[in-house]
Amino acid sequence: MKPSYTYVQNVLGKGHCLKTMGWWPFGRKAKTNRRPIDDPLLKDNRILISELRDVCELNFDNPAEARREIRRMQVEWSDAARDGILSDINRSGLDARAFRLLTCEDTEWVIWLDNLEFWKPGWKPETDDED
């Protein structure tokens, strides 16, 4: 609250003025050069990974149902990649996760779901040197 003119004269004396704070921490943010995404249907990799994870966690006790949903999602990913909505790099990451989830045993299912690194964008499958 800004003090009144009379209060300032009484406290500081005649001829003085009260200086207010020169900056405000909650001002407008500077504009960025990033272009907003015009296509509302365009999903980034984090959203697709999150959707995959949600399907798996909703069916944590029923891996067969989750695998059916994963196969359905793979069809959506291939359609999106064909239409140019999903990049090849993002699709390969999603397919690598789907491959691990589709080929694992039911006993390994929960282990993959609990692996936090597995669900992070940029996860790469470990290469096994079994020559």
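Contact here means heavy atoms within 4.5 Å. In that sense asparagine 59, leaving out residues up to four places away in sequence, touches Glu65, Ala66 and Trp109. The model is predicted. The points below cover its largest nonpolar core of 22 residues, helix H4, two buried polar residues, the cysteines, and a network of salt bridges that links Glu65, Arg68, Glu69, Arg72 and Glu76.

**Nonpolar core**

- The largest nonpolar core is made up of 22 residues, and those with the most contacts inside it are Leu52, Cys56, Trp77, Leu101, Trp109 and Trp119.
- At least two residues of this core come from each of helix H2 (45-58), helix H3 (63-82), helix H4 (88-103) and helix H5 (106-114).
- H3 gives the most to the core, with six residues.
- Tryptophan 119 is in contact with Ile49, Leu52, Arg53, Cys56, Arg97, Leu101, Trp112 and Leu113, once its neighbours within four places in sequence are set aside.
- Two of these partners, Leu52 and Cys56, are also listed among the residues with the most contacts inside the core.

**Helix H4**

- H4 has 16 residues, which at 1.5 Å a residue should span 22 Å; the C-alpha atoms at its ends are 22 Å apart, so the expected and modelled values agree.
- The buried residues in H4 are Gly93, Leu94, Ala96, Arg97, Ala98 and Leu101.
- The cover over these buried residues includes H2, H3 and H5.
- Arg97 and Leu101, both buried in H4, are also in contact with tryptophan 119.

**Buried polar residues**

- Asparagine 59 is in the loop between H2 and H3.
- Its relative accessibility is 16%, so asparagine 59 counts as buried, the cut-off being under 20%.
- Arginine 67 is part of helix H3 and is buried as well, with a relative accessible area of 10%.
- The side chain of arginine 67 reaches the backbone oxygen of cysteine 104 at 2.7 Å.
- Not counting residues up to four places away in sequence, arginine 67 touches Leu101, Leu102, Cys104, Glu105, Asp106 and Trp109.
- Trp109 is touched by asparagine 59 and by arginine 67, and is listed among the core residues with the most contacts.

**Cysteines**

- A search of the whole structure for disulfides finds zero.
- For cysteine 56, the closest cysteine sulfur is that of cysteine 104, and at 8.8 Å this is too far for a bond; a disulfide would need the sulfur atoms within 2.5 Å.
- Cysteine 104 is accordingly in no disulfide, its nearest cysteine sulfur being that of cysteine 56.
- Both residues are buried: cysteine 56 has 0% relative accessibility, and cysteine 104 has a relative accessible area of 7%.
- Cysteine 56 is in contact with tryptophan 119, whereas cysteine 104 offers its backbone oxygen to the side chain of arginine 67.

**Salt bridges**

- The whole structure contains nine salt bridges.
- Arginine 68 and glutamate 65 meet through their side chains in one of them, at 2.6 Å from N to O.
- These two residues both lie in helix H3, three residues apart, or about one turn of the helix.
- Arginine 68 is also joined to glutamate 69 by a salt bridge, with an N to O distance of 3.0 Å.
- Glutamate 76 and arginine 72 form a further salt bridge, at 2.4 Å from N to O.
- Because glutamate 76 and arginine 72 are four residues apart in helix H3, about one helical turn separates them.
- An α-helix has 3.6 residues a turn, so residues three or four places apart point the same way.
- Glu65, Arg68, Glu69, Arg72 and Glu76 are linked in a network of salt bridges.

**Accessibility within the network**

- Glutamate 69 counts as buried, at 15% relative accessibility.
- Glutamate 65 is partly exposed, with a relative accessible area of 26%, and arginine 68 is partly exposed at 43%.
- Arginine 72, at 37% relative accessibility, counts as partly exposed.
- Glutamate 76 is partly exposed too, with a relative accessible area of 41%.

How values were computed
Residues are numbered from 1 along each chain as its sequence is written. This is a predicted model: local features need pLDDT of at least 70, side-chain atom pairs count only at pLDDT 80 or more; totals for chains, interfaces and linings use all residues. Side-chain values use heavy atoms; hydrogens and water are left out. A nonpolar core is a set of buried Ala, Val, Leu, Ile, Met, Phe, Trp, Tyr and Cys residues joined through side-chain atoms within 4.5 Å. Buried means under 20% relative accessible area, exposed over 50%, partly exposed in between (1.4 Å probe, protein chains only). The expected span of a helix is 1.5 Å times one less than its number of residues. A polar contact is a pair of N or O atoms within 3.5 Å; within protein, one must be able to donate a hydrogen and the other to accept it, and residues adjacent in sequence count only if both atoms are side-chain atoms. A salt bridge is a side-chain nitrogen of Lys or Arg within 4 Å of a carboxyl oxygen of Asp or Glu.
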